[in-house]
Amino acid sequence: MTAVYGLIGKHIGGSFSREFFAGKFAAEGVDAEYRNFELDHIGELTRMRAENPGLRGFNVTSPYKERVIAYLDAVDPSAARIGAVNCVRVGTDGRLTGYNTDAPGFRDSLLTFIGTLRPRALVLGTGGAASAVVHALGEIGIEYSTVSRTAGKGPLTYNDLSPDIIRHHLLIINATPLGMGPLTDLAPAIPYEALGGEHMLFDLIYNPPETLFLARGRERGARTCNGYDMLVNQAEASWEIWNR
Ligand code: NAP
């Protein structure tokens, strides 16, 4: 039986994963298919599994990275700590185990970007992607503060971001959807005028390749990195997990 892999989520028509895995399977001569499974509700996962007996593993995207956990038999300790699963392995006994490959995907891309530097970081946003980011920052020993629109969700709100705070945090990570389609003309509300040549801006968004957040940083001399390598890294990490 041809092995089946896939992606569950909502509005995933234009997603990167199917194209990435189709290219990988063709290049490496793997007899497998990668399908998009558009689910209106996470409860449809049960039917999707029954209709796809060859399913060996799947990725999980918005809005199901947290909700999928209730449908799993086991969760890897890192994914449990992060509270979000983006990769599920279907065992030969049919058991489902959840992993988070966004965190190592981000970590490896960040390490390429910052080299041996360990600058204090600001993480913008407090959703599932931000949880994966702070987990990775903790692993590599980077001190960070999260920034939320809502007081109490993180140590800082956008109103707290004085130019002085920006000057003391040389790594700024956008883990919000601001800048991604259809929000391409929006950017997180930080005092961009305080950015300079020592700053490093990382955006988890990969499409468009340069968000308004990154463009504003680049205009002030900051180094920038988008989410494309993170995306490739998390896909490769999923493939390794499915083939263990
Ligand atoms: P999310 O849950 O929809 O949003 C993340 C956080 O952003 C929210 O918790 C919220 O934090 C803040 N936020 C949401 N809407 C906002 C708005 N209109 N203005 C300001 N802040 C807003 O998204 P996510 O799943 O964590 O993903 C975040 C981003 O990372 C997305 O763009 C996603 O595509 C990207 N991502 C990329 C990769 C990759 O491999 N490159 C992997 C995962 C995710 P507060 O309520 O605390 O402000």
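Here is a friendly question-and-answer tour of two sheets, their helices and a few loop residues.

Student: Before we start, what kind of model is this, and how are residues numbered?

Tutor: This is a predicted model, in which local features need pLDDT of at least 70, side-chain atom pairs count only at pLDDT 80 or more, and totals for chains, interfaces and linings use all residues. Side-chain values use heavy atoms, leaving out hydrogens and water, and residues are numbered from 1 along each chain as its sequence is written.

Student: Good. Which strands are at the edges of the open sheet with mixed pairing?

Tutor: Helices (H or I, at least four residues) and strands (E, at least two) are DSSP runs numbered from the N terminus, and two strands pair if DSSP finds at least two bridges between them. This sheet of 6 strands has the order S2-S1-S3-S5-S6-S4. Each edge strand pairs on one side only, and these are S2 (32-38) and S4 (74-75).

Student: Which residue of S6 stands opposite Val75?

Tutor: S4 pairs with S6 (residues 96-99) in the parallel sense, over 2 bridges. Opposite Val75 in S6 stands Gly98.

Student: At what angle does H1 run to S2?

Tutor: Axes are lines fitted to C-alpha atoms, for helices over the stretch in contact, and angles run from 0 to 180 degrees between N-to-C directions. H1 (residues 16-28) lies across S1 (3-9), S2 and S3 (55-60). Its angle to S2 is about 175°.

Student: Why do the buried residues of H1 fall on the same side, and what arc do they cover?

Tutor: Buried means under 20% relative accessible area, exposed over 50%, and partly exposed in between, with a 1.4 Å probe and protein chains only. The buried residues of H1 are Phe16, Ser17, Phe20, Phe21, Lys24 and Phe25. Taking directions from the helix axis to the C-beta atoms, they share one side of H1 because they cover an arc of only 145°.

Student: And which exposed residues are on the face of H1 turned away from its buried side?

Tutor: Contact here means heavy atoms within 4.5 Å, and the buried residues of H1 pack against S1, S2, S3 and helix H8 (228-242). The face turned away from them carries the exposed residues Glu19 and Ala26.

Student: What residue follows H1, and what is its phi?

Tutor: At the start of H1, a side-chain oxygen of Ser15 reaches to within 3.3 Å of the backbone nitrogen of Ser17. After H1 comes Gly29, with a positive phi near 65°.

Student: Why do S9 and S12 each have a side without a neighbour in the second sheet?

Tutor: The second open sheet has 6 strands in the order S9-S8-S7-S10-S11-S12, with parallel pairing. S9 (156-157) and S12 (223-225) each lack a neighbour on one side because each stands at an edge with a single partner strand.

Student: Which strands of this sheet does helix H5 touch?

Tutor: H4 (residues 102-114) packs on the sheet against S10 (171-174), S11 (200-203) and S12, at about 155° to S11. H5 (residues 128-139) makes about 165° with S7. The strands that H5 touches are S7 (121-124), S8 and S10.

Student: How many residues of S8 are buried?

Tutor: S7 and S8 pair in the parallel sense over 4 bridges, and Leu122 has Ser145 of S8 as its bridge partner. S8 is largely enclosed by the rest of the structure, because the buried residues number 4 of the 5.

Student: Which backbone nitrogen does the side chain of Asn100 reach?

Tutor: A polar contact is a pair of N or O atoms within 3.5 Å; within protein, one must be able to donate a hydrogen and the other to accept it, and residues adjacent in sequence count only if both atoms are side-chain atoms. Asn100 lies in the loop between S6 and H4 and is buried, with a relative accessible area of 7%. Its side chain reaches the backbone oxygen of Ala84 at 3.0 Å. The backbone nitrogen that the Asn100 side chain reaches, at 2.9 Å, is that of Ala103.

Student: Where are the cis peptide bonds that join Ser62 to Pro63 and Asn207 to Pro208?

Tutor: Most residues other than glycine have a negative phi, and most peptide bonds are trans. The bond from Ser62 to Pro63 is cis, with omega near 5°, and Asn207 and Pro208 are joined by a cis bond with omega about 5°. Pro63 is in the loop between S3 and S4, and Pro208 is in the loop between S11 and helix H7 (212-219).
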